[in-house]
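Colleague: I am new to this structure and would be grateful for a close look at a single part of the model. Please take me through the pockets, and then through the helical residues that you consider useful for orientation.

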Amino acid sequence: MIQEINKSIEVLKKGGLILYPTDTVWGIGCDAGNPEAVKKVYALKKREDSKALVCLVAHQAMLERFVEKVPDVAYDIMDFATKPTTIVFDNPIGIAKNLIASDNSLAIRVASDQFCQRMVQKFGKPVVSTSANISGMPTPKDFDSISEEILKGVDYVVNLPLENKNTSPSSIIKLGNDGQVKVIRE
């Protein structure tokens, strides 16, 4: 696993794209602070950049460095969630502008699997995590379902089996700094 983490970080630092197993489904990743890398993800997915992407952080302390204010309820949601849960936060900071939604929000998930946690921790900043499919196509349930176009469009494919057999996308909850909570995807 160490070799895969190091190779992934090497690619991320150069602005490249990785294909990697996440705590949910196989994902396309890049440095969330690099607008050129983010553009490559949108292009590969054939997705408008007005549709924001999810980012992974290694832990809650990292989350706090990239969001202006983490609402208290977010900690309860993260602590009590029974499956990977992405939270949409207001006022992200230190993130590529083309990753941030038009309402100045960003979807962030604290990674729950060992590979993602260790890779993001060692990289030291958030990593984009978007499903490994062309926009509008079904989310691949396993590595063998990933299209050739996606496989050829990334700079590195992480050579690890999907340890977590959870093949569902994460739940998504939007938390407003005004205290509003909205479930976007269960």
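Modeller: The following account begins with the pockets and then turns to helix 1 and helix 2.

Please note that the model is predicted. The largest pocket has a volume of about 690 Å³. Its lining is made up of 33 residues, and those nearest the centre of the pocket are R47, A52, V54, I172 and R185. Two or more lining residues come from each of strand 2 (26-29), strand 5 (105-110), strand 7 (130-131), strand 9 (171-175) and strand 10 (181-185). Of these elements, strand 5 gives the largest share, with four residues. Sorted by class, the lining of the largest pocket holds 14 polar, 12 nonpolar and seven charged residues.

The second largest pocket has a volume of about 180 Å³. Among the residues that line this pocket are D23, Q60, M78, D79, R109 and V110. Helix 4 (72-80) and strand 5 each contribute at least two residues to this lining. Strand 5 is thus named for the second largest pocket as well as for the largest pocket. The classes in the lining of the second largest pocket are four nonpolar, three polar and four charged residues.

Helix 1 spans residues 2-13 and includes S8. With a relative accessible area of 0%, S8 is buried, because buried means under 20%. A polar atom of the S8 side chain lies 2.8 Å from the backbone oxygen of E4. Leaving aside residues up to four places away in sequence, S8 touches I18, F115, M119, Y156 and V158.

Helix 1 also contains E10 and K7, which are three residues apart and so separated by about one helical turn. Their side chains meet in a salt bridge, at 3.5 Å from N to O. In general, side chains of opposite charge can pair when their charged atoms come close. E10 is partly exposed at 37% relative accessibility, and K7 is partly exposed at 31%. The side chain of E10 also meets that of K14 in a salt bridge, at 3.9 Å from N to O. K14 counts as exposed, at 67% relative accessibility.

In helix 2 (residues 35-45), E36 and K39 lie three residues apart, about one turn of the helix. A salt bridge of 3.3 Å, N to O, joins their side chains. E36 is partly exposed at 48% relative accessibility, and K39 is partly exposed at 46%. Through shared partners, salt bridges join K7, E10 and K14 into one network. The count of salt bridges comes to nine.

Technical notes. Residues numbered from 1 in each chain as written. Predicted model: local features only at pLDDT ≥ 70, side-chain atom pairs only at ≥ 80, totals over all residues. Heavy atoms only, no water. Buried < 20%, exposed > 50% of the residue type's maximum accessible area, 1.4 Å probe, protein only. Polar contact = N/O pair within 3.5 Å; in protein donor to acceptor, adjacent residues only side chain to side chain. Contact = heavy atoms within 4.5 Å. 1 Å grid on protein atoms, 1.4 Å probe; cavity = no way out; pocket = protein on both sides within 12 Å on 5 of 7 lines; lining within 4 Å. Points joined across faces, edges and corners; volume = space filled by probe spheres on them. Nonpolar A, V, L, I, M, F, W, Y, C, P; charged D, E, K, R; others polar. Salt bridge = Lys/Arg side-chain N within 4 Å of Asp/Glu carboxyl O.
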